[in-house]
Amino acid sequence: MLAELTIRDFAIIDQLHLTLGSGFNVLTGETGAGKSIIIDAIGLLLGDRASPDLVRAGQEKALIEGIFALPAALAASLEPLLRDNGLESDGGELSMAREIRRGGRSISRINGSTVNTALLAEIGGALVDIHGQSEHLSLMNIKHHVDLLDRYANLGESRSALARVVRQLNGARRELMTLQHDARELARRVDLLTYQVNEIGAARLAPGEDKALEMELRRLSNAEQLLKLTQQVIGALEDGGDEQRAAVDMLGQASHALGRLIRIDPTLEDLQRQLGDLTEQIVDIGREVRHYGDGVEFNPERLQQTEERLSLIYNLKRKYGESIGDILIFGERAQAELNGITHAGERIEDLLKEEKRLLREIGALGVQMSQARRAAGERLARAVEHELADLRMARASFAVDIRWQESADGAPAPASAFPGAAPAAGEEDKAPRRVSFDSTGLDRVEFLVSANPGEPLRPLARVASGGETARLMLALKTVLSHADETPTLIFDEIDVGIGGRVGAVVGQKLWSLNSNHQVLCVTHLPQLATFGDTHFSVAKDIHDGRTTTSVRPLAGAARIEELAQMLGTPTDVGRENARALLADTERIKTTPPAAVDFTQRG
């Protein structure tokens, strides 16, 4: 549950701290005092979109903080998510915070660590469910009806499993469409890919070949100069000719003279060894240069071949990549794409088989879900009618209409499984019928209502008045909330459109939820407010020329005064009426539901 709530510099709230009770909490106060602003702040704490306009005038940032006490089961289910995101938790308590800066930046924290808004919303959604006035409108949207029914029927896992299969089918169909698209375009693509693969393959490229060819081209292009320089090196080392002495001969003379020195001074023996080694190195160098010179040749034919080979490689680089490695990778990818296209017929056949298999699976899962929905729809209708009877709509009828729509590319389903079908003999042997589907299944779900006896069931959006819509929403929420595992339920002015007599029933309905939930309700009805286990008054005050919202818990005489104000009679008579309302409420709370009579409350 939401144990503590702190709000700073948010809208007209300067600083506010609430310690909420575990049961039924009510917020009352005049219109514009800031009750719904508190609910909006909780919504932001749970991941709603933030606006810098919400920062209190003159301040740089707004801050909303909440401390949640977690039931053991919820703490255990959240632990893997918290652990995977590096968030520490003591298991029994969790803190959440949202900071909104005037510049537009929003910072979210869980247990003191910064998180993204998506994670804040994911965890917040498991902690609190807010039912605002806008949900009256969502009840008018047929698309939401299947969600409400599935929540009641506890079909979350089945629906997720079917949605996964639908995603697989959509992927297979997209690939099929791509393969079957424009045969002429594919033919042109095949021609291009074939040319590219053949051109690269015919070149028979080897990694590093271009570098070796460039070096060979330099040698072939400079063969004459290489031979001339080689002879100069050999002549200088081994054969000096008439004009100069060879290096080897001069080193030999030096070695002979050094030998004579050693006979006089042996300390020079190391120098003689070094000179000998140097002579051998000079001889080796001369030999290697001579061998190199023997390999140098002027070969115009090889020169032309090398130039042509390099020209081919440079042309391939221009088209396919900056290096031979890039060219080879391009060729491999082109070959893979070509294989995919040239084997498209085989792939199309495989995909068609896959499509057929997935459609059968969707049909089977959809039929199972539809049967579960129909059974749950009957239970939901009876439960809602029971709640409507308590809400002064005893003669109203409620029904869940489930229909299938046939489609040529739909999922196969037995004709006998169609909603409302009464199969004749041998009906099961007929070919399955194709049913339209989406990620929710085969069903088109719509809530129907008849507010008055003798009137046929009609779509809810075309029948219910504003007050009736509010009561229908409350009836649905009451039924669904009993099966809801979310620990905290918030109702923002759920009593809009209903009067005082029904307000007492609404109060009892909301109070009855506190056996499994913490409930927080914003209300203008005193008959509802008396059911609060904890009652807060929200007021708008002016200090130093600034408007601020304050909240204080009410008990005793202060609560009586607030209820009298809500009754519109802040007099002794009004206070006595408030005491009577509280006494009646205490009697109702301690009386079995079947024995309660609301007819005397107004």
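The legends below accompany close-up views of a predicted model.

**View 1. Two residues with positive phi at the start of the chain, Asp-9 and Ala-11.**
Asp-9 lies in strand 1, which covers residues 2–10, and its phi is near 55°, a positive value in a residue other than glycine. Ala-11 is found in the loop between strand 1 and strand 2 (13–19), and it too has a positive phi, of about 55°, although it is not a glycine. The two residues can also be described by their accessibility: Asp-9 counts as buried because its relative accessibility is 16% and buried means under 20%, whereas Ala-11, at 25% relative accessibility, counts as partly exposed.

**View 2. The packing of helix 2 against helix 3.**
Helix 2 (residues 72–84) and helix 3 (residues 117–127) pack with their axes 11 Å apart and at an angle of about 170°. Angles over 145 degrees count as roughly antiparallel, and the two helices are therefore roughly antiparallel to each other. On the side of helix 2, the residues that meet helix 3 are Leu-74, Leu-78, Leu-81 and Leu-82, while helix 3 contributes Leu-119, Glu-122, Ile-123, Ala-126 and Leu-127. Sorted by class, this contact has eight nonpolar residues, no polar residues and one charged residue.

**View 3. Helix 6 and its buried residues.**
Helix 6 runs through residues 156–180, and its 25 residues should span 36 Å at 1.5 Å a residue, which agrees with the 36 Å between its end C-alpha atoms. The buried residues of this helix are Leu-162, Ala-163, Val-165, Val-166, Leu-169, Ala-172, Leu-176 and Leu-179.

**View 4. Helix 14 and the residue Arg-392 just after it.**
Helix 14 comprises 47 residues, 344–390, for which a span of 69 Å is expected at 1.5 Å a residue, and the 65 Å between its end C-alpha atoms agrees with this expectation. Just after the helix, Arg-392 takes a positive phi of about 65°.

**View 5. Thr-440, a buried residue in a loop.**
Thr-440 is placed in the loop between strand 11 (433–435) and strand 12 (444–450), and it counts as buried because its relative accessibility is 11%, with buried meaning under 20%. Its side chain makes a polar contact of 2.6 Å with the side chain of Asp-438. When neighbours within four places in sequence are left aside, Thr-440 is in contact with Arg-159, Leu-162, Met-369 and Arg-373; one of these, Leu-162, is among the buried residues of helix 6.

**View 6. Asp-492 in strand 14.**
Asp-492 belongs to strand 14 (residues 488–492) and, with a relative accessibility of 9%, it counts as buried. The side chain of Asp-492 makes a polar contact with the side chain of Ser-36, at 3.3 Å. Glu-88 is 404 residues from Asp-492 along the chain, and the C-alpha atoms of these two residues are separated by 32 Å.

**View 7. Helix 17, a mostly covered helix.**
Helix 17 has 13 residues, 500–512, which should span 18 Å at 1.5 Å a residue, and its end C-alpha atoms are indeed 18 Å apart. Eleven of the 13 residues are buried, namely Gly-500, Val-502, Gly-503, Ala-504, Val-505, Val-506, Gly-507, Gln-508, Lys-509, Leu-510 and Trp-511.

Technical notes. Residues are numbered from 1 along each chain as its sequence is written. This is a predicted model: local features need pLDDT of at least 70, side-chain atom pairs count only at pLDDT 80 or more; totals for chains, interfaces and linings use all residues. Side-chain values use heavy atoms; hydrogens and water are left out. Helices (H or I, at least four residues) and strands (E, at least two) are DSSP runs, numbered from the N terminus. Buried means under 20% relative accessible area, exposed over 50%, partly exposed in between (1.4 Å probe, protein chains only). A polar contact is a pair of N or O atoms within 3.5 Å; within protein, one must be able to donate a hydrogen and the other to accept it, and residues adjacent in sequence count only if both atoms are side-chain atoms. Contact means heavy atoms within 4.5 Å. Axes are lines fitted to C-alpha atoms, for helices over the stretch in contact, and angles run from 0 to 180 degrees between N-to-C directions. Angles under 35 degrees count as roughly parallel, over 145 as roughly antiparallel, 65 to 115 as roughly perpendicular and the rest as oblique. Ala, Val, Leu, Ile, Met, Phe, Trp, Tyr, Cys and Pro count as nonpolar, Asp, Glu, Lys and Arg as charged, and the others, Gly among them, as polar. The expected span of a helix is 1.5 Å times one less than its number of residues.
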